[in-house]
Amino acid sequence: MTSQTQTKSANNKVSNYLMLIVLIVMALAVVALFLAFETFLFGDQENQLAALILAGIGIIALAISVFLLYQSRRQTAEMKIEIPKVMTTIECQNKECKNKIIREFQRGDYVFKYSDTTCPKCGGKQMITAVYKEIKEKEKTYAV
Ligand SMILES: [Zn+2]
């Protein structure tokens, strides 16, 4: 669990950093476009080629930043879905009951460990019979 939360926060830091760069690039691109537009309309003819180049750079930078923004949003959406939950199956040891409970993995769970809790149906001893990663069908459709 701790390793998962650590990678999550690290990814958040990276995407925040990326977001900041994207926003700066976006702002610069808008300024460049504005300057280019102004120069093109009111500037000397000599500067008009430079204005066009500036406008081109501005448009490209804007396109890249929008693309990165879109890409990073998609990635965070994927990350949220792709972290599989670890599940624990607990079975009642009463042979006449055999009640099965599936819950989220808790620290210290291992197979063949007797659970601290008792069976809610018969009050018998419960044993952990399986620890596994839950894989949902939906995740596969989101994978690249
Ligand atoms: Zn039971």
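Trainee: How many helices and strands are there in the protein?

Mentor: In this predicted model the protein has 3 helices and 4 strands. Along the sequence they follow the pattern α-α-β-β-β-β-α.

Trainee: What makes Leu62 partly exposed, and where is Leu62 found?

Mentor: Leu62 belongs to helix 2, residues 48-82. A residue needs 20 or more other C-beta atoms within 10 Å to be buried, and 12 or fewer to be exposed. Leu62 has 17, so it is partly exposed.

Trainee: Which residues does Leu62 touch, leaving out those up to four places away in sequence?

Mentor: Leu62 touches Met26 and Ala29. Contact here requires C-beta atoms within 7 Å. As for Leu23, which lies 39 residues from Leu62 along the chain, the two C-alpha atoms are separated by 9.6 Å.

Trainee: Which residues make up the largest nonpolar core?

Mentor: That core has 5 residues in all: Ala29, Ala32, Ala36, Ala51 and Leu54. Helix 1 (2-42) and helix 2 each supply at least two of them, and helix 1 gives the most, with 3 residues.

Trainee: What makes this set a nonpolar core?

Mentor: The term asks for buried residues of nonpolar types, such as Ala and Leu, joined through C-beta atoms within 7 Å. The 5 residues are Ala and Leu. Ala36 illustrates the joining: it touches Ala51 and Leu54, and also Ala55 and Gly58, not counting residues up to four places away in sequence. For the protein as a whole, 8% of the 144 residues count as buried.

Trainee: In what order do the 4 strands form the sheet?

Mentor: The order is 2-1-4-3, in an open sheet with antiparallel pairing. Strand 2 and strand 3 stand at the edges because each has a single partner strand, which leaves one side of each without a neighbour in the sheet. On average, neighbouring strands of this sheet are turned by 40° against each other, direction ignored.

Trainee: How do you know that strand 1 and strand 2 pair?

Mentor: Pairing requires at least two bridges between the strands. Strand 1 and strand 2 have 5 bridges, so they pair, in the antiparallel sense. Thr88 stands opposite Arg103 in strand 2.

Trainee: How many bridges join strand 3 to strand 4?

Mentor: There are 2 bridges between strand 3 and strand 4 (residues 125-133), and the strands run antiparallel. At least two are required, so strand 3 and strand 4 count as paired. Thr118 has Lys125 in strand 4 as its bridge partner. The hairpin of these strands has 6 residues between them, and Gly123 takes a positive phi near 80° there.

Trainee: Why is strand 3 called hardly covered?

Mentor: A residue is buried only with 20 or more other C-beta atoms within 10 Å. Among the 5 residues of strand 3, the count of buried residues is 0, so strand 3 is called hardly covered.

Trainee: What makes phi of Lys98 and of Phe112 worth a remark?

Mentor: Most residues other than glycine have a negative phi. Lys98 is not a glycine, yet has a positive phi of about 50°. Phe112 also has a positive value, near 75°.

Trainee: Where are Lys98 and Phe112 found, and are they exposed or partly exposed?

Mentor: Lys98 is in the loop between strand 1 (86-92) and strand 2 (100-104). Its 13 other C-beta atoms within 10 Å exceed the limit of 12 for exposed and fall below 20, so Lys98 is partly exposed. Phe112 is in the loop between strand 2 and strand 3 (114-118). With 7 such atoms, Phe112 meets the limit of 12 or fewer and is therefore exposed.

Terms used:
Residues are numbered from 1 along each chain as its sequence is written. This is a predicted model: local features need pLDDT of at least 70, side-chain atom pairs count only at pLDDT 80 or more; totals for chains, interfaces and linings use all residues. Axes are lines fitted to C-alpha atoms, for helices over the stretch in contact, and angles run from 0 to 180 degrees between N-to-C directions. Two residues are in contact if their C-beta atoms, placed from the backbone, lie within 7 Å.
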